[in-house]
Amino acid sequence: MSFQNRLDGLLNKGKAKLKEFTDQHQAPNQNLPQYQQPNQYQQPNQYGPPPIPYGSRPGGPAAQQQPNVYWQAAFNPQTPVSHIFEQETGDHGWGNNESQNYTSDPRNSFFTPDGKLVLRGIVQTSAPDNKYTSARLVSHQKLDRQRGCLTAVLSAPCAGGIWPAFWLLPSKPFTWPTDGEVDIFESWNGDSVNHSCLHWGHFNGEDWNKHRVVDTPIPSMAHQPQVMAFAWDQPDNGQGGRAVWYINGGVVMKADIPPGTRRISDWNIILNVAMGGNVCGGRLPSDGTYDFVVHELKMSEEPIGGWNQFGMDWQRGREGKTM
């Protein structure tokens, strides 16, 4: 995908989200198609070895061995997905002319026996309705600290018409983009490029520069898990501060936390797999399943290397370009 196409995609995404968050109604979820229920999730060999466990819950035995981890999602197949996430639903296009119907159906989001979360996009164009189904999950847990680090180990689907994302928004209700948005991982149309983004302020001609992005090619995206992290440091009053985005331990972007945004401790995690829409240039995925696998999701009191390392990462990081 060319730079201009990626720029057009970011602009379309911004316009789409402005419309989404100003819409007053959401269409109900109806008439789910009957797909085969996954009895188990087979992990492809190319995902590599599982990540080192950090504990299954706050205060658990393994978590006590890693004192800087203050929350970790426990992906237990005996626990409903709704225990950890709100399962947002709807097929109203989400302000971006997207084709998927987000559902709470266990075929679209589930925990595996080996302790992973799967968001599964299902495409069956021969179905009479709900040809495109997927999942959009919002964590009940907030970031909950004035400073910390959020880390996820992700295996992303890479294909035309597919748009997986791992991102942050303030808890509801909020105003977009005034209250802010952070995108840690998102990739479009299987281009194996991650778009780290920060949005705030307004979306109009005068505030065109209140959006920052860094595009990072990840050639291995389709073949192995990626470690995506976001570290933040805010003063006690929740105004200002600094943030750094990481991919596989490397710094890819930094930003001052803009004044006027919601304090970061009040933000939630969002995971979703969108299909088609303006960001994908109208391209639709082919029939099949598209799995966004979350191997690990945790929040720590400090980033890898501690806050001294964060300071050095800040010094050598780069600001995102304007949209």
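Which residues touch the most other members of the largest nonpolar core? In this predicted model, that core holds 52 residues, and L150, F166, I269, L271 and L297 are the ones that touch the most other members. As background, nonpolar side chains in soluble globular proteins tend to be buried together.

L271 shows what such a position looks like in detail: when residues up to four places away in sequence are left aside, L271 touches F85, L117, L119, A135, R136, L137, L154, A165, F166, F292, V294 and L297. Alongside the largest core there is a second, separate core of 14 residues, which includes A165, L169, I270 and V279.

**The sheet**

Eight strands form an open sheet with antiparallel pairing, and their order across the sheet is 2-7-16-9-10-11-12-18. At its edges lie strand 2 (85-88) and strand 18 (321-322), each of which pairs on one side only. Within this sheet, strand 9 (residues 162-170) and strand 16 (residues 267-275) are joined in the antiparallel sense over nine bridges, and A165 stands opposite N272 of strand 16.

**Aromatic rings**

Six aromatic pairs are found when the whole structure is searched, and two of them are set out below.

| Ring pair | Distance between centres | Angle between planes | Arrangement |
|---|---|---|---|
| F185 and F292 | 5.9 Å | 35 degrees | tilted |
| W307 and F310 | 5.0 Å | 70 degrees | edge-to-face |

Why does the pair of F185 and F292 tie together parts that are 107 residues apart in sequence? The reason is that F185 lies in strand 10 (residues 181-186), whereas F292 lies in strand 17 (residues 288-300). Residues count as buried under 20% relative accessible area, so F185, with a value of 2%, is buried, and F292, at 0% relative accessibility, is buried as well.

The pair of W307 and F310 has another setting, because these residues are three apart in helix 3 (residues 306-316) and are therefore separated by about one helical turn. Both W307 and F310 are buried. Elsewhere among the aromatic residues, ring pairs link F230, W232 and W245 into a cluster.

**Charges over rings**

W307 also takes part in a contact of another kind, since the charged end of R147 sits over the ring of W307, 4.1 Å from its centre. In a similar arrangement, the charged end of R145 sits over the ring of Y70, and here the distance to the ring centre is 3.9 Å.

Technical notes
Residues numbered from 1 in each chain as written. Predicted model: local features only at pLDDT ≥ 70, side-chain atom pairs only at ≥ 80, totals over all residues. Heavy atoms only, no water. Core = buried A, V, L, I, M, F, W, Y, C linked by side-chain atoms within 4.5 Å. Buried < 20%, exposed > 50% of the residue type's maximum accessible area, 1.4 Å probe, protein only. Contact = heavy atoms within 4.5 Å. Pairing = 2+ DSSP bridges. Helix = DSSP H or I, 4+ residues; strand = E, 2+ residues; numbered from the N terminus. Phe/Tyr/Trp six-rings, centres within 6.5 Å; stacked < 30°, edge-to-face > 60°. Lys NZ or Arg CZ within 6 Å of the ring centre and 35° of its normal.
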